Amino acid sequence: MDKKPYNPGPRRPSAPSGQQPSQQPQQRRSHDRNAKDPYNINERIRAREVRLVGDNVETGIYTIQQALKIAEDQGLDLIEISPTAEPPVCKVLDYQKFLYQQKKRQKEQKAKATKVVVKEIRFGPQTDDHDYNFKLKHAQEFLKEGAKVKAYVFFKGRSILFKEQGEVLLLRFANDLEDVGKVEQMPVLEGKRMIIMLSPKKK
């Protein structure tokens, strides 16, 4: 049986001596590194014109080349703060300091939005002076700490007949706390409880 001649197929041309085979061009690392940045800055701003604002520039519309030159002359960054405006609004600032100030402002806003603490204090319609003064002292501490106080008189069984007495007690309580708290809600009867709300006075 005759053997068929071996045919390895067309050979791939080898690279000339001293040269490496060609590789796919790599993407610019700076874009990858900054992909998660919340703002476009400098050359990453795609608009042809921008509106510059701020104390260190003359407010107005500039070409992107002019705006970049202004930022470069000041040794700062061109930051696109409002990309949806027409044209986009930019500021000339130090980008790292700008990010720090933004984070600081967000932290302050979050702290202000913290959930308000409400402390409850319960009385009976026949509360004696010793028990009253003990609870008054606690309420003063709560209000000084910035918490709200929800004080209520609980009427058990037929004691609901003394609801006027409970209202007098709560109004006295609010009056004794006027140096540290203010009435947010006057006494109101809800079921078997008469409730008054007090909030801390602003310093």
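Trainee: Which residue in β8 is the bridge partner of G181?

Mentor: P200 is that partner. A word on the basis: this is a predicted model, in which local features need pLDDT of at least 70 and side-chain atom pairs count only at pLDDT 80 or more, while totals for chains, interfaces and linings use all residues. Residues are numbered from 1 along each chain as its sequence is written, and side-chain values use heavy atoms, with hydrogens and water left out.

Trainee: What makes β7 and β8 a pair?

Mentor: Two strands pair if DSSP finds at least two bridges between them. β7 and β8 have seven, in the antiparallel sense. They form a hairpin with two residues between them. G191 sits in the turn, with a positive phi of about 65 degrees.

Trainee: How many helices and strands does the protein have?

Mentor: Five helices and eight strands. Both are DSSP runs, numbered from the N terminus: helices are H or I with at least four residues, strands are E with at least two. Along the sequence the pattern reads α-β-β-α-β-β-α-β-α-β-α-β-β.

Trainee: In what sense do β1 and β2 pair?

Mentor: Antiparallel, over four bridges. β1 covers residues 49-52. Its E49 stands opposite T63 in β2.

Trainee: Which side chains of β2 are buried?

Mentor: G60 and Y62, which point to one face. I61 and T63 point to the other and are not buried. Buried means under 20% relative accessible area, exposed over 50%, and partly exposed in between (1.4 Å probe, protein chains only). Across the protein, buried residues make up 30% of the 203 residues.

Trainee: Why does A47 count as buried?

Mentor: Its relative accessibility is 19%, so A47 counts as buried. The cut-off is under 20%. A47 lies in the loop between α1 and β1. Leaving aside neighbours within four places in sequence, A47 is in contact (heavy atoms within 4.5 Å) with I64 and P88.

Trainee: What is unusual about the phi of N42?

Mentor: Phi of N42 is near 50 degrees, a positive value in a residue other than glycine. Most residues other than glycine have a negative phi, and most peptide bonds are trans. N42 is in the loop between α1 and β1. With a relative accessible area of 17%, N42 is buried.

Trainee: What kind of peptide bond joins E86 and P87?

Mentor: A cis bond, with omega about -5 degrees. P87 is in the loop between β3 and β4. E86 and A47 are 39 residues apart in sequence and 9.6 Å apart in space, C-alpha to C-alpha.

Trainee: How do you know that the length of helix α4 agrees with its expected span?

Mentor: The expected span is 1.5 Å times one less than the number of residues. For the 16 residues of α4 that gives 22 Å, and the end C-alpha atoms are 22 Å apart, so the two agree.

Trainee: Which residues of α4 are buried?

Mentor: Y132, K135, L136, A139, F142 and L143. They fall within an arc of 120 degrees, seen down the axis, so they line one face of the helix. The arc is that of the directions from the helix axis to the C-beta atoms. On the other side, H130, K137 and K144 are exposed. The buried residues of α4 pack against β5, β6, α5, β7 and β8.

Trainee: What does D128 reach at the start of α4?

Mentor: A side-chain oxygen of D128 comes to within 3.3 Å of the backbone nitrogen of H130. Just after α4, G146 takes a positive phi of about 100 degrees.

Trainee: What makes a set of residues a nonpolar core?

Mentor: The members are buried Ala, Val, Leu, Ile, Met, Phe, Trp, Tyr and Cys residues, joined through side-chain atoms within 4.5 Å. The largest has 21 residues, of which F123, V149, F173 and L177 touch the most other members. Two or more residues come from each of β5, α4, β6, α5 and β8. α4 gives the most, with five. Apart from this core lies another, of twelve residues, among them I45, A67, A71 and V92.

Trainee: Which residues does F173 touch?

Mentor: Not counting residues up to four places away in sequence, F173 touches residues including I121, F123, Y132, L136, A139 and L198.

Notes. A polar contact is a pair of N or O atoms within 3.5 Å; within protein, one must be able to donate a hydrogen and the other to accept it, and residues adjacent in sequence count only if both atoms are side-chain atoms.
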